[in-house]
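Hi everyone, thanks for coming. Let me put today's structure up on the screen, and then we'll walk through a few parts of it together.

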Amino acid sequence: DLQLMTYSEELSHKTEGQIYVVVEALYSMNGDVAPLSEMADMCQKYGAALIIDEAHSHGIYGGNGEGLIVQLGLQDKVFAGIYTFGKAAGLHGAVICGSHILKAYLINFCRTFIYTTAPSPYMRAATQQAYVRLETAKDARLALANIITYFQSRAGLAQTKSSYWLPSSSPIQGLIIPGNARAKSLSTYLQSQGFAIKAILSPTVKSGTERLRISLHSFNTAEQIDDLMQAIDTWFNQFDTEQAA
């Protein structure tokens, strides 16, 4: 629970100067979306500046893939938006979007920007074309939304007392499998069955929340989802040490 009201009230009494609230729109480990509208309203109420990283939501949400800031109509409530070119755009680098004052400040005072080599003409052209493709990828976004819905209709079959699917309406789906050994065992089995799925182990995640992190794509098919769920069920029934115990 974020407990936004309590936290903001405490800030208003205990701090002076500018307050910054920095969040990701879509978090990469659990596939959960931050309550951006509520956070934007709270930041406006208490004079805080909201910075949203759209690394995992850019290209997925919004009519033209702009991300959740645009989809939720928060453009005028956000201090800065951060967009990577390394995920949906398929390239590398990133951009910060904000006011003219923010841009002028970063150009003059941001050391990591000032002392970084500028993108080449090739990268600029490639990024522009990536955005053209993202803007016209409505069919791909619809296909992705449909395959997420289908995945959710099939998920939940392979579970034990300690293993469970994380709730997520995003392309990032996670199956919690406590214990590094169990998570690696299932990951290795799935890779032997042709699925490019790796385990996320502690200490990368908290001990007891080891998991498989599944990234869905617009080109995935219902048949592939069926095969994946069947393979997971097979592992749970035949190879899971917890089940055997």
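So, to start us off: what percentage of the residues of the chain count as buried? The answer is 38%, out of 245 residues. Keep in mind that what you're looking at is a predicted model.

A few more overall numbers. We've got 10 helices and eight strands in the chain. If you draw a box along the principal axes, the C-alpha atoms fill roughly 60 × 50 × 35 Å. And if you take the contacts with a separation of 6 or more, 62% of them come from residues 24 or more positions apart.

Okay, on to helix packing, and I'd like you to keep your eye on α9, which covers residues 222-238. Let's take α7 first, that's residues 138-154. α7 and α9 pack at an angle of about 25°, and their axes are 10 Å apart. Angles under 35 degrees count as roughly parallel, so that's what we call α7 and α9. Their crossing is right-handed. On the α7 side, the contact is made by I147, Y150, F151 and R154, and on the α9 side by A222, I225, D226, L228 and M229. Sort those by class and you get seven nonpolar, no polar and two charged residues.

Now the other partner, helix α8, residues 180-192. At what angle do α8 and α9 pack? About 135°, with the axes 10 Å apart. That makes α8 and α9 oblique to each other. The crossing here is right-handed. From α8, the contact uses R182, S185, L186, Y189 and L190. From α9, we have L228, A231, I232, T234, W235 and F236. By class, this contact divides into eight nonpolar, two polar and one charged. If L228 sounds familiar, it should: L228 is in the α7 contact and in the α8 contact.

Next, the cysteines. How many disulfides does a search of the whole structure find? Zero. Why doesn't C43 form one? Because the closest cysteine sulfur, in C97, is 18 Å from the sulfur of C43, which is too far for a bond. C97 has a similar story: the closest cysteine sulfur to its own is in C110, 14 Å away, and that is too far for a bond. As for their surroundings, C43 counts as buried, at 6% relative accessibility, while C97 counts as partly exposed, at 38%.

Let me zoom in on a couple of single residues. M39 lies in helix α2, residues 36-46, and counts as buried, with 8% relative accessibility. Go 39 residues along the chain from M39 and you have V78, yet their C-alpha atoms are separated by 9.9 Å.

Then there's L106, in helix α4, residues 100-109. Leaving out residues up to four places away in sequence, what does L106 touch? I96 and F113. L106 and I96 are 10 residues apart in sequence, and C-alpha to C-alpha they're 9.4 Å apart.

One last stop, and it's a peptide bond. Is the bond from S202 to P203 cis or trans? It's cis, with omega near 15°. You'll find P203 in the loop between β7, at 199-200, and β8, at 211-215.

That's my tour, so over to you for questions.

Methods
Residues numbered from 1 in each chain as written. Predicted model: local features only at pLDDT ≥ 70, side-chain atom pairs only at ≥ 80, totals over all residues. Heavy atoms only, no water. Axes fitted to C-alpha atoms, helices over the stretch in contact; angles between N-to-C directions. Helix = DSSP H or I, 4+ residues; strand = E, 2+ residues; numbered from the N terminus. Parallel < 35°, antiparallel > 145°, perpendicular 65-115°, else oblique. Left-handed = near helix turned anticlockwise from the far one by under 90°. Contact = heavy atoms within 4.5 Å. Nonpolar A, V, L, I, M, F, W, Y, C, P; charged D, E, K, R; others polar. Disulfide = S-S within 2.5 Å. Buried < 20%, exposed > 50% of the residue type's maximum accessible area, 1.4 Å probe, protein only.
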